[in-house]
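Got the viewer open? Let's take a walk through this one, stop by stop.

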There are 2 protein chains.
Amino acid sequence: MEEGLVVIPKATVSRLPLYLQALTEYDHLGITLVSSEEIAQKLGITSSQLRKDLSYFGGLGIRGAGYDVACLLGRIKEILGMQKKRRLAIIGAGKLGTALAGYRGLQQHGLEVKALFEIDKGKIGTAIAGVPVYPLAELHAQTARLGLEIAVLTVPAAAAQKVADLVVEAGFKAIWNFAPIRLEVPENIIVQYEDLVAGVLTLVHHLSRKLG
Amino acid sequence: MEEGLVVIPKATVSRLPLYLQALTEYDHLGITLVSSEEIAQKLGITSSQLRKDLSYFGGLGIRGAGYDVACLLGRIKEILGMQKKRRLAIIGAGKLGTALAGYRGLQQHGLEVKALFEIDKGKIGTAIAGVPVYPLAELHAQTARLGLEIAVLTVPAAAAQKVADLVVEAGFKAIWNFAPIRLEVPENIIVQYEDLVAGVLTLVHHLSRKLG
DNA sequence: GTCTCCTTGTGATTATTTTCACAATGTTAT
DNA sequence: ATAACATTGTGAAAATAATCACAAGGAGAC
């Protein structure tokens, strides 16, 4: 099963971060070998689903024993593209932007927050959680200088499209968008939408179904 | 097509927040009638998918014309269970908890943040974004007093399971979990996992596929 | 080395989701 | 009222994903 020749199902890719989570924990606990059944129970999925997912990446397990945690962890990180560190900039130093700037989870996954961009003069020139705040006007210049690749949009919905245009023009390759708006960008720009409200609305839906 | 008799596909439910987003925008713009094609283009999906999704809730559109924005918006809110206001508590007044306490999007969707719970004595007794901060020890008492239903877990991963146990014992019906851990809770408790890292890792994966 | 046990990897099957294509049915113009 | 047109709603078909069940193969005991 040659990598690259096989199409990896979208559903499989979407579960990789979950597997990363579980394996990271096993690794920290010093566990070196786990069975698909153990991982599956921890994550609330079936073991055959896990095995099928992993099978797209070649034989990673040891029959009769299970999976080598370190080996599997490495392979998943590789598939997710985590070997290479990526530089992010957060656009919009409001509550959410500030929280993300200080979020350890990003650093831990090889994502370096190198800059914050703002229009509020009061914040410009300061540092938030150790990240320098630049004026939005310097977006183009700093992107080149700092080698920024991913723009995190934490601006109000009303400003998001305009900021996205600036981001594209500045040379960013990808956008992680927290504004509740679909963005119009050139096809070569990768956009990942993050809708916090969607998650909790799904929860509310289930709650209403059960309780009325 | 009687509601209740038909099973609504999971995939359909997961797209409702998206539809809510688009329709809310049309409503704000004063647009009263839209076609499935217009909405679909705005959201980057196909119009037939949108129509099929909506068809599970009965005939909501007007053939030859499109969908009445206000009517459809109301119906989607109803399906998502947004008629009834829900009271949340945020457990963990760190960066993320603080950001969520001040997040307008929750209030706008009928979700009222009524309390923050913390162990840090320095924060207890204060108010963050207008939300009072209580000691974690008062969880049980305040849950009953304030009528809290949904617990938002923004505590470190290491503490999440213990806090979840407390939350369940306090009488919460649902948990919105931001800690990168699967929780073990009784079956009647609804858990919604929110993994911020998953989103950006998917983005990184696409980026690596394209650029190496 | 052989036997037994265990767990993976995977073809086959079933379930779910998406797309297609068009009849049904409403609107608008005249 | 009628005709021309636009858009929905939906069965049928195609694509995708999840589950099942078991052969393949490695580990460990003796």
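Before the first stop, one rule for what follows: two strands count as paired if DSSP finds at least two bridges between them. Keep in mind, too, that this is a predicted model.

**Stop 1: the sheet in chain A.** Start by colouring the strands of chain A. Seven of them form an open sheet in the order 6-7-5-4-8-9-10, with mixed pairing. At the edges sit strand 6 (127-128) and strand 10 (190-193) of chain A, each of which pairs on one side only. Now show helix 7 (residues 139-146) of chain A, which packs on the sheet and touches strand 4, strand 5 and strand 7 of chain A. The direction of helix 7 makes about 160 degrees with that of strand 5 of chain A.

**Stop 2: strand 5.** Select residues 111-118 of chain A. Six of the eight residues in this strand are buried, so the rest of the structure largely encloses it. Which way does strand 4 (residues 86-91) of chain A run beside strand 5, parallel or antiparallel? The two pair in the parallel sense, over six bridges. Click R86(A) and you'll find L111(A) as its bridge partner in strand 5. Strand 7 (residues 131-135) of chain A also runs parallel to strand 5, joined to it by three bridges; there, F117(A) has Y134(A) as its bridge partner.

**Stop 3: out to strand 10.** Next, pick strand 9 (residues 174-177) of chain A. Four bridges join strand 9 to strand 10 of chain A, and the two run parallel. Zoom in on A174(A), and I190(A) of strand 10 stands opposite.

**Stop 4: across to chain B.** Turn on chain B and select helix 9 (196-211). Helix 9 of chain B lies across strand 4, strand 5, strand 8 (150-153), strand 9 and strand 10 of chain A, at about 165 degrees to strand 10. The contact takes 44 residues from each of chain B and chain A. On the chain B side, helix 9 gives the most, with 14 residues. That side divides into 23 nonpolar, 13 polar and eight charged residues.

**Stop 5: the two domains of chain A.** Colour 10-79 as domain 1 and 86-198 as domain 2, following the domain assignment. Their C-alpha centres lie 32 Å apart.

**Stop 6: the DNA.** Finally, show DNA strand D. Which residues come nearest to the strand? Of the 29 around it, they are P9(A), G64(A), G59(B), G61(B) and G64(B). Helix 3 (47-55) of chain B gives the most to the surface near DNA strand D, with six residues. Overall, that surface has nine nonpolar, 13 polar and seven charged residues.

Notes. Residues numbered from 1 in each chain as written. Chains lettered and ligands numbered in written order. Predicted model: local features only at pLDDT ≥ 70, side-chain atom pairs only at ≥ 80, totals over all residues. Near = placed C-beta within 6 Å. Nonpolar A, V, L, I, M, F, W, Y, C, P; charged D, E, K, R; others polar. Buried ≥ 20, exposed ≤ 12 C-beta atoms within 10 Å, placed from the backbone. Contact = placed C-beta atoms within 7 Å. Domains from an automatic or database assignment. Axes fitted to C-alpha atoms, helices over the stretch in contact; angles between N-to-C directions.
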